[in-house]
Amino acid sequence: MSPERVVLAIETSCDDTAAAVVSESFDVVSSVIHSQAALHSQWGGVVPEVASREHVTKIIATVRAALAEADVTGEQVEAVAVTVGPGLPGSLAVGLTTAKALALAWDKPLVGVNHLEGHLFSAELRGEQIDYPAVYLLVSGGHCLLAHATARGEYRLLGQTRDDSVGEAYDKVARELGLGYPGGPVIDRMARSGTDTCAFPRPMIDAGYDFSFSGLKTAVRRQIERDETEVNDLAASFAAACMDVMIAKLERAIAELAPASVVVVGGVAASPILRERLAGLSDRVQVRLPPLEFATDNAAMIGAAGWWQLERRGASRDDVGIDSRLALPFATGAAVS
Ligand code: KG4
Ligand code: ZN
């Protein structure tokens, strides 16, 4: 058992059934993830009905495993943190209902956590410090946004995608190529053996902080239909276009906002290609990334955000519900104070 106080965290917003025990200093005492990727791969994307049914069957074993690995009983946790949105409604409902039942049985506070805020906290797991002001790039399957934070939890939105997220573009390109789901890891692997020969567009690269990736996805599809490019070169060309856009936006934010750190989170932050490109920024700014295993969806990040939320905003009410379209709590006004 950890000498520190711990929370149990549960995450079921999409296709991973996850539970973790996280200490007050954001140490990950245990983290268990049951991935459904193999189940959904045959359809080239997540099937919501299948995902929620799978969560129902796996959630209890996942929670049991996280508690056992941490050598903690339900009575010893300070609170139960759980993702309440955004995400797939049926999937979110399984996690929230389970968390409510446990909080009731153990007589502990329940903390409903925003999945996106969880990703932002993933870079602080294992006690990593972030210097503020910070620019956050959140790039996952469902989201693609840039935010400026003057302090932990004080975010202002700089820009976001007008259509697809980066991860979604990776997944759709992988589906076109018949490479299964998720697309990120396999396309990155192929890109490493290829060359950027296609000169794909870099959408909105010079236009402020917003993103657009659906045009790029269409350009890749046309190139696939022409059937004249080797698949590794296609992957390398697509990945290079995504990377160039993300790096250009961060370069702009560094030049205009002079942050102390750049923090890149979300599933795409697992990309070794992106990690290499980000290293090129580190002579000017502190670059922070989540530990590799906590870039994609996990419950440890929900535990860290849950601790912070419990302290800052208090426990959630008994009637808290899911919100499949929940947004980050952005402050309004200019990005620079
Ligand atoms: O954060 P996440 O696990 O789930 C959401 O909240 O959406 O992100 C999943 C996304 C998928 O689109 C997947 O293709 C992408 O992250 N991804 C990657 C890599 N690993 C996962 N993208 C690029 N390179 C990777 N190595
Ligand atoms: Zn996520």
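I started at ligand 1 and found one of its oxygen atoms 3.1 Å from a polar backbone atom of G267. I note here that the model is predicted.

**Polar contacts of the ligand**

I then looked up D297, where a backbone N or O atom lies 2.9 Å from an oxygen atom of ligand 1. For H115 I found a side-chain contact: a polar atom of that side chain is 3.2 Å from a ligand oxygen atom. I took 3.5 Å as the cut-off for a polar contact between N or O atoms. I next checked how far the ligand is covered: on its own, ligand 1 has 550 Å² of accessible area, and the protein covers 90% of this.

**The shell and the pocket**

Which pocket holds ligand 1? I find ligand 1 in the largest pocket.

I listed the residues around ligand 1 and got 19. The closest are G141, D171, G184, D188 and D297, and D297 is also the residue I had noted for its backbone contact at 2.9 Å. By type, I sorted the shell into eleven polar, five nonpolar and three charged residues.

Which helix gives the most to the shell? I found that α6 does, with four residues. I also noted the helices that each supply at least two shell residues: α4 (115-122), α5 (166-176) and α6 (183-191).

I checked the domains as well. Domain 1 is made of 6-121 + 295-312, and domain 2 spans 130-289. I find at least three shell residues from each of these two domains.

**Backbone entries**

I looked through the backbone for cis peptide bonds and noted one between G85 and P86, with omega about -10°. I placed P86 in the loop that runs between β4 (80-85) and α3 (89-106).

I entered a second cis peptide bond, from Y181 to P182, where omega is near -5°. Where does P182 lie? I located P182 in the loop between α5 and α6. Both of these helices are on my list of those supplying at least two residues to the shell around ligand 1.

My last backbone entry is M204. I noted its phi near 60°, a positive value in a residue other than glycine. M204 is in the loop between α6 and α7 (214-226). I add that α6, at one end of this loop, is the helix that gives the most to the ligand shell.

How values were computed:
Residues are numbered from 1 along each chain as its sequence is written. Chains are lettered from A and ligands numbered from 1 in the order in which they are written. This is a predicted model: local features need pLDDT of at least 70, side-chain atom pairs count only at pLDDT 80 or more; totals for chains, interfaces and linings use all residues. Side-chain values use heavy atoms; hydrogens and water are left out. A residue is near a molecule or strand if one of its heavy atoms lies within 4 Å of it. A polar contact is a pair of N or O atoms within 3.5 Å; within protein, one must be able to donate a hydrogen and the other to accept it, and residues adjacent in sequence count only if both atoms are side-chain atoms. Accessible areas come from the Shrake-Rupley method with a 1.4 Å probe; for residues, only the protein chains shown count as cover. On a 1 Å grid over the protein atoms alone, a cavity is a set of points where a 1.4 Å probe fits but cannot get out, and a pocket is an open set with protein on both sides within 12 Å along at least five of seven lines; lining residues have an atom within 4 Å of a point. A molecule sits in a cavity or pocket if more than half of its atoms lie within 2 Å of its grid points. Ala, Val, Leu, Ile, Met, Phe, Trp, Tyr, Cys and Pro count as nonpolar, Asp, Glu, Lys and Arg as charged, and the others, Gly among them, as polar. Domain bounds come from an automatic or database domain assignment.
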